[in-house]
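Colleague: Got a minute to walk me through this model? I'd like to get a feel for the fold before I go back to the bench.

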Amino acid sequence: MQNKALIYRLAQKRYDRKLLRAIKLELRQVEQGKHLVFSDFGAIYDSFPDNWKPFIKPHVLPDDLYAEQWLKKHQAHASGEEFKSKAEHLHDRIYREFDLPHVYEPKLYLEGFGWVKPDFVVLNRRTRQTFYHEHFGMMDNPEYCARALSKLDAYHRNGYYEGKNLLITMESSLHPMNPGEVEALFQNYLL
């Protein structure tokens, strides 16, 4: 038991020192005004042998572990239902093609509106930013359009804005969704 505790402490100490060196180097570069490409501190954990990793608690998770934990958190609050539309199938396919962690119909509470189930919640791996994605698919139906605008207003009142943390796609019978535009939207905000 004592040996195991020692192994944990030594592995953690080695990881902490390596991380601290990387942080100090980046800080010196910032102080010197050098053009900086931010270090991937998560890669420090990845650089350790696999047999060391169970003994280290990383301060900065590597992208794959971060995405894994993000998925677990959001899947716990998902509806678990099947896709309801062709557009949702298309969005899911594009998310998969771009290898974007996403969950279908997560629950989200909007103050002053109540519980909603956005079509998707998606993770930008690079920035680690979470986006909710709503697809409004029947915008030529006046009642549907009024509900969609009311819901969009509730998103705004709760701090969710297009391009910041909310993605909106929409279509009508006269203006069907363009998959190329959807791909461009996702590439712009999620990659």
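**Strands, cores and a few odd residues**

Modeller: Let's start with a strand pair: strand 1 and strand 4 run antiparallel, joined by three bridges. Within that pairing, Y104 sits opposite F120 of strand 4. Keep in mind that this is a predicted model.

Colleague: Okay, and which way does strand 4 run against strand 5?

Modeller: Antiparallel, with five bridges between strand 4 and strand 5. One facing pair there is N124 and Q129, the latter in strand 5. The two strands make a hairpin, with four residues between them.

Colleague: What's going on with phi at R128 in that turn?

Modeller: R128 has a positive phi of about 60°, and it isn't a glycine. It belongs to the loop between strand 4 and strand 5.

Colleague: Is R128 buried or partly exposed?

Modeller: Partly exposed, because its relative accessibility is 23% and buried would need under 20%.

Colleague: Which other residue has a positive phi without being a glycine?

Modeller: E105 does, at about 50°. You'll find E105 in the loop between strand 1 and strand 2. E105 counts as buried because its relative accessible area is 4%, and the cut-off is under 20%.

Colleague: Back to strand 4. How many of its residues are buried?

Modeller: Five of its five. F120, V122 and N124 point one way while V121 and L123 point the other, and every one of them is buried.

Colleague: And strand 6, how covered is that?

Modeller: Mostly covered: strand 6 spans residues 166-170, and four of the five are buried. Its partner is strand 5 (residues 129-136), and the two run parallel with five bridges. Across that pairing, H135 faces T169 of strand 6.

Colleague: How does the chain get from strand 5 over to strand 6?

Modeller: Through helix 5, residues 142-157, in a β-α-β crossover that is right-handed.

Colleague: Let me zoom out. How many helices and strands are there?

Modeller: Six helices and six strands in the protein chain. In sequence order the pattern goes α-α-α-α-β-β-β-β-β-α-β-α.

Colleague: What about overall dimensions?

Modeller: The C-alpha trace spans about 65 × 45 × 35 Å along its principal axes. The radius of gyration is 21 Å, whereas a compact globule of 191 residues would come out near 16 Å.

Colleague: How much of the chain counts as buried?

Modeller: 37% of the 191 residues. The accessible surface is about 12,200 Å², and carbon and sulfur atoms make up 55% of that.

Colleague: And how much of the contact map comes from residues far apart in sequence?

Modeller: Taking contacts with a separation of 6 or more, 59% are between residues 24 or more positions apart.

Colleague: Now the inside. Which residues have the most contacts in the largest nonpolar core?

Modeller: L108, L110, Y132, Y155, Y160 and L166, in a core of 18 residues. The elements giving two or more residues to this core are helix 3 (63-75), strand 2 (108-110), strand 4 (120-124), strand 5, helix 5 and strand 6. Helix 5 gives the largest share, five residues.

Colleague: Pick one for me. What does L166 touch, ignoring its neighbours within four places in sequence?

Modeller: L166 is in contact with F131, Y132, L152, Y155, Y160 and Y161. Apart from that core there is another one, with 15 residues, including L90, I94, F98 and L167.

Colleague: One more, since I'm curious about histidines. Where is H91?

Modeller: In helix 4, residues 86-97. H91 counts as buried because its relative accessibility is 0%.

Colleague: So what is H91 in contact with, leaving out neighbours within four places in sequence?

Modeller: F120, H133, H135, T169, M177, V182 and F186. Some of those names came up earlier: F120 is the residue across from Y104, and H135 and T169 face each other.

Colleague: Great, that gives me plenty to look at on screen.

Terms used: Residues are numbered from 1 along each chain as its sequence is written. This is a predicted model: local features need pLDDT of at least 70, side-chain atom pairs count only at pLDDT 80 or more; totals for chains, interfaces and linings use all residues. Side-chain values use heavy atoms; hydrogens and water are left out. Buried means under 20% relative accessible area, exposed over 50%, partly exposed in between (1.4 Å probe, protein chains only). Two strands pair if DSSP finds at least two bridges between them. A crossover is right-handed if, with the strands pointing away from the viewer, the path from the first strand over the helix to the second runs clockwise. The radius of gyration is taken over C-alpha atoms; the globule rule is 2.2 Å times the number of residues to the power 0.38. Contact means heavy atoms within 4.5 Å. Accessible areas come from the Shrake-Rupley method with a 1.4 Å probe; for residues, only the protein chains shown count as cover. A nonpolar core is a set of buried Ala, Val, Leu, Ile, Met, Phe, Trp, Tyr and Cys residues joined through side-chain atoms within 4.5 Å.
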